[in-house]
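Hi,

Here is the structure I promised to pass on. Have a look at it first, and then read my notes below.

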Amino acid sequence: MFSVPLAENAELRPLEPWQAPEFLAHIDRARAHTDPWIPWATFSTDLDSARATLQRYADRQATDSGRIYGIWRDGTLVGGVMFVQFDAKSGNCEIGAWTEPAGEGGGLITAAVRLLLDYAFTTRGLHRAEWWCSAANARSRAVAERVGMRRDGVLREWFLHNGVRHDKEVWAILAPEWAATRA
């Protein structure tokens with residue numbers, strides 16, 4: 001298994017189904033932190049559902065349609081990033097991220113998203129990468145801005161979560177724009 005350093009005390013590694021107990025413990029710590037914005041934590045509420053979440057991404061990786069990676073800080077899983085969608089044929093992908101409070105600060109999410117963008121554009125030759133977030137989630141929006149994405153628009157009251165209709169912002173960066181930020 002590979003790992004990529006994100007900081008002196010943090011690394012990015014694949015998340016796999018055999019890691020379900022560690023993943024579930026992390027999601028339990030992250031639940032209150034992520035739940036106001038996305039239903040991500042609600043998909044993994046016990047060991048079987050946590051394993052199923054990771055298996056879905058393992059299956060998607062096998063079909064080249066998605067991937068999931070964890071962020072470990074000081075040996076503890078504290079967050080992650082993923083290709084929510086990955087379509088090499090169309091040249092488009094969507095990147096997402098989540099964290100627990102112990103994963104905040106130090107630019108770990110931003111560094112991990114940059115690695116995924118570099119993989120998508122430089123290694124795989126994709127043309128467009130998107131980032132979707134609740135318009136009320138300032139921290140998520142800030143990640144999109146830090147990696148050079150532009151807001152394409154807002155889908156008003158696009159999804160219902162916890163009894164509240166959320167506006168969904170769509171951010172994106174194109175391969176030439178990414179290349180310009182790397183030059």
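What follows is a short tour of what was found.

This is a predicted model, where local features need pLDDT of at least 70, side-chain atom pairs count only at pLDDT 80 or more, and totals for chains, interfaces and linings use all residues. Residues are numbered from 1 along each chain as its sequence is written, and side-chain values use heavy atoms, leaving out hydrogens and water.

Let's begin with helix H3, residues 108–123 (helices are DSSP runs of H or I with at least four residues, strands runs of E with at least two, numbered from the N terminus). Its 16 residues reach 21 Å from first to last C-alpha, close to the expected 22 Å (1.5 Å times one less than the number of residues). Among its buried residues (under 20% relative accessible area, 1.4 Å probe, protein chains only) are Val 113, Leu 117 and Phe 121. Gly 125, which follows H3, has a positive phi near 75°.

The largest nonpolar core (buried Ala, Val, Leu, Ile, Met, Phe, Trp, Tyr and Cys joined through side-chain atoms within 4.5 Å) has 31 residues. Ile 71, Val 113, Leu 117, Trp 131 and Met 149 touch the most other members. H3 supplies the largest share of this core, eight residues. Apart from it lies another core of 16 residues, including Leu 15 and Val 84.

Finally, strands E7 (residues 150–161) and E8 (residues 164–174) pair in the antiparallel sense over eight bridges (pairing needs at least two DSSP bridges). Val 154 stands opposite Glu 169 in E8. In the hairpin, two residues lie between the strands, and Asn 162 takes a positive phi near 55°.

Best wishes

Notes: Buried means under 20% relative accessible area, exposed over 50%, partly exposed in between (1.4 Å probe, protein chains only).
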